[in-house]
Amino acid sequence: MSSAPDPLAALGSLPGVAESVDSVRKAVDRVYGHRVMRRRGAEITSEAALRGARGSAALSGADWALEEVRRRSDFGAEEQALTVGAALRLTAEAGQLLSIWRQSPLRVLARLHLVASGSAGAEDAVGRPRLAGEPVDEPLVDLTLPGADEVAGRLDGLSRLIIAGGSAPALITGAVVHGELLALRPFGTHNGLVARAAERIVLINSGLDPKAICPAEVGHAEQGAEAYLEAFGGYVSGTAEGMAAWIAHCGRAIELGVRESTAVCEALQRGAA
């Protein structure tokens, strides 16, 4: 009896996707092989988390300088500060949810939204998918919202794919999780932040980036909001070309995250950081 086809693995046959997967794997291997990683890996992980949070917040409308994020301790009532604080909390929380992800991804997504929201927002709407008629505040994505029933069905489908596992490379799985959550915007707030945190979890949990030193969020921000939205439009289109473009964009984001951490390694090696 043959096993069911793996729809995520099938995306690997799209034009250019195999090349993106290979390029990402080689880039990640290079930074993991850096001599500084053998002695100061924890510092690289910590710095990657900070820079990843800054990048994710930037795409959600709070484009702060890295040093401002580093020095601030108050992320109170002002809107951009709340966004940066949410991004920092999500990055810290992601590493605590790895063991749950493959068994209960919807539970992880609920937890991510709860962590991102903090004490903000309507309490009964935090940590659960939106209901029919509930508004969504997403500063970057301005596409027609899927209805609550469609959201529930597609979240269930995404959950089943993750739980089933499969042979799809981490780049493909992470891109699909990221794109699907951004398309659905299942929560009333913080959907972009949650989608990028979920991509981070996939990349870590898959074994591609087990030490969390390749912050894709840095690369998404570096490529800019316009390019991000253009590539995301390809995902939403559902065409082969659009899906391939989105996966390639996510691959480039990882490679730029690798470049960022490599620069940190080089700075530490020179004694400049």
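**Figure 1. Burial and overall build of the chain.** Of the 273 residues in this predicted model, 50% count as buried. The chain exposes about 12500 Å², and carbon and sulfur atoms supply 53% of that area. The chain has 13 helices and 0 strands. Read from the N terminus, its elements run α-α-α-α-α-α-α-α-α-α-α-α-α. The radius of gyration is 18 Å and the globule rule gives 19 Å for 273 residues, a close match, so the chain is as compact as a globular protein of that length. Along the principal axes, the C-alpha trace spans about 55 × 55 × 35 Å. Among contacts in the chain with a separation of 6 or more, 72% are between residues 24 or more positions apart.

**Figure 2. The largest cavity.** Rolling a probe the size of a water molecule over the atoms shows where empty space is left. The count for this model comes to 2 cavities of 30 Å³ or more. The largest cavity holds about 50 Å³ of space. Helix H3 (35-59), helix H5 (79-94) and helix H10 (191-205) are the elements that give two or more residues to its lining. Which residues line the largest cavity? They are Ala53, Ser56, Ala87, Leu90, Thr91, Leu193, Arg196, Ala197, Arg200 and Glu217. H10 provides the largest share of this lining, with 4 residues. Sorted by class, the lining of the largest cavity has 5 nonpolar, 2 polar and 3 charged residues.

**Figure 3. The second largest cavity.** The volume of the second largest cavity is about 40 Å³. Its lining is made up of Arg200, Leu203, Ile204, Asp209, Ala212, Ile213, Cys214, Pro215, Ala216 and Glu217. Arg200 and Glu217 line the second largest cavity and also appear in the lining of the largest cavity. Which element gives the most to the lining of the second largest cavity? H10 does, with 3 residues. Both H10 and helix H11 (216-223) supply at least two residues of this lining. How many polar residues does the lining of the second largest cavity have? By class there are no polar residues, with 7 nonpolar and 3 charged residues making up the lining.

**Figure 4. The second largest pocket.** This view turns from cavities to a pocket. The second largest pocket contains about 250 Å³ of space. Its lining has 18 residues, and those nearest the centre of the pocket are Arg102, Ala168, Thr173, Val202 and Ser206. At least two lining residues come from each of helix H8 (148-164), helix H9 (170-184) and H10. H10 therefore needs to be followed through several views: as a contributor to this pocket, to the largest cavity and to the second largest cavity. By class, the lining of the second largest pocket has 9 nonpolar, 7 polar and 2 charged residues.

**Figure 5. Gly271 in the segment after helix H13.** Gly271 is found in the segment that follows helix H13 (240-270). Is Gly271 buried or exposed? Its relative accessibility is 60%, so Gly271 counts as exposed, the cut-off for that class being over 50%. Leu203, one of the residues lining the second largest cavity, serves as a reference point for this view. In sequence, Gly271 and Leu203 are 68 residues apart. In space, the two residues are 29 Å apart, taken from C-alpha to C-alpha.

Methods
Residues numbered from 1 in each chain as written. Predicted model: local features only at pLDDT ≥ 70, side-chain atom pairs only at ≥ 80, totals over all residues. Heavy atoms only, no water. 1 Å grid on protein atoms, 1.4 Å probe; cavity = no way out; pocket = protein on both sides within 12 Å on 5 of 7 lines; lining within 4 Å. Points joined across faces, edges and corners; volume = space filled by probe spheres on them. Nonpolar A, V, L, I, M, F, W, Y, C, P; charged D, E, K, R; others polar. Rg over C-alpha atoms; globule rule 2.2 N^0.38 Å. Buried < 20%, exposed > 50% of the residue type's maximum accessible area, 1.4 Å probe, protein only. Contact = heavy atoms within 4.5 Å. Areas by Shrake-Rupley, 256 points an atom, 1.4 Å probe, with all protein chains shown as cover.
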